[in-house]
Amino acid sequence: MATAQSIAGVKVEFLEFPAVVTPPGSTKSYFLGGAGARGITIDGEFVKFTGIGVYLEEKAVSSLAAKWNGKSAAQLLDSLDFYRDIIQGPFEKLIRGSKIRTLDGPEYVRKVSENCVAHMKSVGTYSDAEEKAIQEFRHAFKDQHFPPGSTLYFSKDETIPEHEHTVIDNKALSEAVLETMIGEIPVSPALKESLATRFCEFMKDDNLCIAN
């Protein structure tokens, strides 16, 4: 049986992503599926701006193992369906984004929202409700400033911190945020690789227990 003590954390630059987290105000713990850097190429150099960690509830392993156990890390990495099963799977997810470099809120949310809109339009899930959700998303960050080390949490389910900054109830947008990170055109290829490598090992023993 895999336990919290046997799961390793991940370090992205100076950012530590622990193996297991319990959100403030919650008694439920989530394990680290994978972590990696998000950045852009500037003058031929990949510049890292954010470290992203994807945390999931423990039943994610058995849920994914039913279809993907026995696949190599390389096979998982090459399968878009594997990542779509993470995005759309019937288990809770908590996404942590921590800044490596200073970012202003409007600068950060502009690119994230553009990517989300492009994805939702491509799959036909962008309607008036999603447009409104994007406006709320942008408004939530308009006065924010993120120095190195500052952290944001995004939840797709009920994994809400005790003192949430903003709640936007829109399934298509919540899935699009994770899709832009690990989907067909990911902002963090390193995160995709980390998820594939770690889940390949997790699914060899799908009886994961992270209880406190």
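Let us start with helix α1 of this predicted model, where Ala-60, Val-61, Leu-64, Ala-65 and Trp-68 are buried. Here, buried means that a residue has under 20% relative accessible area. Which part of the helix do these residues line? Seen down the axis of α1, the buried residues fall within an arc of 125°, so they line one face of the helix. A general rule helps here: an α-helix has 3.6 residues a turn, so residues three or four places apart point the same way. Just after α1 comes Gly-70, which takes a positive phi of about 100°.

Now move along to helix α3, residues 80-88, and look for a similar pattern. Its buried residues are Phe-82, Tyr-83, Ile-86 and Ile-87. Viewed down the axis of α3, they fall within an arc of 140°, so they too line one face of their helix. What do the buried residues of α3 pack against? Their partners are α1 (59-68), α2 (73-77), α6 and α7 (189-202), together with β6 (45-56) and β7 (93-99). Notice that α1, our starting point, is among these partners.

Another of the partners, α6, is our next stop. In the loop between β10 (151-155) and α6 you will find Asn-170. Is Asn-170 buried or exposed? With a relative accessible area of 10%, Asn-170 is buried, because that value is under 20%. Leaving aside residues up to four places away in sequence, Asn-170 touches Ala-129, Glu-130 and Ala-133. With one of them, Glu-130, Asn-170 also shares a polar contact of 2.9 Å between side chains.

Within helix α6 itself sits Thr-180. Thr-180 is buried as well, with a relative accessible area of 9%. Again not counting residues up to four places away in sequence, Thr-180 touches Asn-115, Cys-116, Ile-185, Pro-186 and Val-187.

Thr-180 also leads us to an opening in the protein, since Thr-180 is one of the residues that line the second largest pocket. This pocket has a volume of about 270 Å³. Others in its lining include Arg-84, Lys-111, His-119 and Glu-184. Two elements, α4 (105-123) and α6 (171-182), each give two or more residues to the lining. Which element gives the largest share? The largest share comes from α4, with five residues. What kinds of residue make up the lining? They divide into four nonpolar, four polar and four charged.

Methods
Residues are numbered from 1 along each chain as its sequence is written. This is a predicted model: local features need pLDDT of at least 70, side-chain atom pairs count only at pLDDT 80 or more; totals for chains, interfaces and linings use all residues. Side-chain values use heavy atoms; hydrogens and water are left out. On a 1 Å grid over the protein atoms alone, a cavity is a set of points where a 1.4 Å probe fits but cannot get out, and a pocket is an open set with protein on both sides within 12 Å along at least five of seven lines; lining residues have an atom within 4 Å of a point. Grid points are joined across faces, edges and corners, and a volume is the space filled by probe spheres set on the points. Helices (H or I, at least four residues) and strands (E, at least two) are DSSP runs, numbered from the N terminus. Ala, Val, Leu, Ile, Met, Phe, Trp, Tyr, Cys and Pro count as nonpolar, Asp, Glu, Lys and Arg as charged, and the others, Gly among them, as polar. Buried means under 20% relative accessible area, exposed over 50%, partly exposed in between (1.4 Å probe, protein chains only). A polar contact is a pair of N or O atoms within 3.5 Å; within protein, one must be able to donate a hydrogen and the other to accept it, and residues adjacent in sequence count only if both atoms are side-chain atoms. Contact means heavy atoms within 4.5 Å. The arc is that of the directions from the helix axis to the C-beta atoms.
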